[in-house]
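Here is a short report on one structure. Have the sequence and the 3D view open while reading.

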Amino acid sequence: MPVIDYKCPSCGSGMVFDSETGMLSCHSCGREDSIENNADPLLQVRNTFSEEEQAVEYHCKSCGAIIMTDADTVATTCSFCGSGVVIGDRLVGKLAPAMVIPFKISKEEAVKAFRKWCRNGRLTPDGFMTADRIQSMTGMYVPFWLYDLNNKVEVHAHATRVRTYTRGEYRYTETQHFDVYRDIALNYVKVPIDASAKLNDELMDKLEPFPYEQLKSFKTPYLAGYIAEKYNHDEQQLLPRAKDKIAPFIDSFIQSEMTGYTSVTYTSKQIDTALARADYVLLPVWMVQYDYKKAKYTFAMNGQTGKVVGKPPISKAKVSAWFAGIAGVSFLSLKFVSWAMGGGLW
Ligand SMILES: [Zn+2]
Ligand SMILES: [Zn+2]
């Protein structure tokens, strides 16, 4: 049976990962088990299924109900009894994550941040902050590739240095010409690219940085009680995105190597990027996704650092009222409002 659950050895209740202690915890009897020092239950069941044969239906080991999953789900909770379950056959072979950053922010903290984000409904439309909306707060491990990229950069440029000086009655302008050549080795490590087709790439980018010193060797109990997805795109498919992501950093490094000239004209720029390694990792994100008046909104929060991104809906009526209440600042734009709400640029 490829479904793994985390029964408490003391009392039989379902155990979940606790973001505060970093342990696999039983909320019924208080038992806490170290994840790092214990064997992953995945190891015991791994030989009972092969990578190719995926089960069509998954049943909860606690209550026997069918577990509702889509093809990408690797961890979820049973919708009948609430047990945290992990779909073992979607975590082996090439789908086995190398590492995980566990959640540090608890659901309560995430909900608090969500309320604050909405400013307790002051500028968001009436009826937006509902109990349902808060209930839908989801802790999700999002699949990412972490790329190590080695770049060999060769640049040819024509540069000038101009100086003017006066000697006697004459004013001289002296222009020196240079052929500049730079051969630079630039290595980037752990460049994160979100590997889930469902999530907005731009939004995921904004959740960075993730503190990589918190990376742990992957073990399934970290997923207990959370949602997790497997990747949709492999490391080769996403390599172009990783290259695009580091391109501006390479450009600014090249510029920093070209100082001291009056002008620089590039004649050739050759960047060869070699994929040194790519690790499949799961990173923690708290999320509320919802449709509101035909538009899609996402609240997303880095589950380790607490950084919040996304933009809440703004009630036009409430914004006008808010402006009216502050005399003399009516020139402020809506943009300022979204900034004031902590919504960021998105
Ligand atoms: Zn227990
Ligand atoms: Zn169940």
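In which sense do strand 5 and strand 6 pair, and over how many bridges? The pairing of strand 5 with strand 6 (residues 84-87) is antiparallel, and it runs over three bridges. This is a predicted model, and every value below is computed from it.

## Strand 5 and its partners

Strand 5 covers residues 73-77, and four of its five residues are buried. Its pairing with strand 6 puts T77 opposite G84. The two strands form a hairpin, with six residues between them. G82 sits in that turn and has a positive phi of about 80°.

Strand 5 also has a partner in strand 11 (residues 227-229). Here too the sense is antiparallel, this time over two bridges. T73 stands opposite E229 of strand 11.

## Two zinc sites

Two zinc ions are present, listed here with their donors.

| Ion | Donor atoms | Distances | Donor angles |
|---|---|---|---|
| Zinc ion (ligand 1) | C8 (SG), C11 (SG), C26 (SG), C29 (SG) | 2.2 to 2.3 Å | 98 to 117° |
| Zinc ion (ligand 2) | C60 (SG), C63 (SG), C78 (SG), C81 (SG) | 2.2 to 2.3 Å | 104 to 118° |

What makes the arrangement around the zinc ion (ligand 2) tetrahedral? Its four donor atoms subtend angles of 104 to 118°. The test for tetrahedral asks that all angles lie between 85 and 135 degrees. The zinc ion (ligand 1) is tetrahedral as well, because its donor angles are 98 to 117°. For reference, the ideal angle for four tetrahedral donors is 109.5 degrees.

Now the spacing in sequence. The donors of the zinc ion (ligand 1) follow C-x2-C-x14-C-x2-C along the chain. For the zinc ion (ligand 2), the donor residues are spaced C-x2-C-x14-C-x2-C.

Are the donor residues buried or exposed? Take C60 and C63 at the zinc ion (ligand 2). C60 has a relative accessible area of 3%, so it is buried. C63 is at 40%, so it is partly exposed. At the zinc ion (ligand 1), take C26 and C29. C26 counts as buried because its relative accessibility is 3%. C29 counts as partly exposed because its value is 40%. The cut-off for buried is under 20%.

## Helix 5

Helix 5 spans residues 239-256, which is 18 residues. Does its length agree or disagree with the expected span? At 1.5 Å a residue, helix 5 should span 26 Å, and its end C-alpha atoms are 26 Å apart, so the two agree.

Helix 5 still has a kink. The bend is about 35° and lies at I246, shortly before the proline P248. I246 is also one of the buried residues of the helix, with L239, A242, I250 and I254. What covers these buried residues includes strand 8 (138-167), strand 9 (170-194) and strand 12 (263-292).

## Two backbone exceptions

Most residues other than glycine have a negative phi, and most peptide bonds are trans. Two places depart from these habits.

The first place is K190. Its phi is positive, at about 55°, although K190 is not a glycine. K190 lies in strand 9. With a relative accessible area of 32%, K190 is partly exposed.

The second place is the bond between E208 and P209. This peptide bond is cis, with omega about 0°. P209 sits in the loop between helix 4 (201-206) and strand 10 (216-217).

## Around helix 2

S106 lies in the loop between strand 7 (99-100) and helix 2 (107-117). Why does S106 count as buried? Its relative accessible area is 7%, and buried means under 20%. Beyond its neighbours within four places in sequence, S106 is in contact with S19, E20 and W286.

A110 is in helix 2. A110 counts as buried because its relative accessibility is 0%. Leaving aside neighbours within four places in sequence, its contacts are I105, M137, W286, F299 and M301. W286 thus appears in the contacts of S106 and in those of A110.

How many residues apart along the chain are A110 and M287? They are 177 residues apart, while their C-alpha atoms are separated by 8.7 Å.

Conventions
Residues numbered from 1 in each chain as written. Chains lettered and ligands numbered in written order. Predicted model: local features only at pLDDT ≥ 70, side-chain atom pairs only at ≥ 80, totals over all residues. Heavy atoms only, no water. Buried < 20%, exposed > 50% of the residue type's maximum accessible area, 1.4 Å probe, protein only. Pairing = 2+ DSSP bridges. Donors = N, O, S within 2.8 Å, 3.2 Å for Na, K, Ca; no water. Tetrahedral: all angles 85-135°; square planar, octahedral: opposite > 155°, others 65-115°. Expected span 1.5 Å × (residues − 1). Bend = angle between axes of the 7 residues up to and from the residue. Contact = heavy atoms within 4.5 Å.
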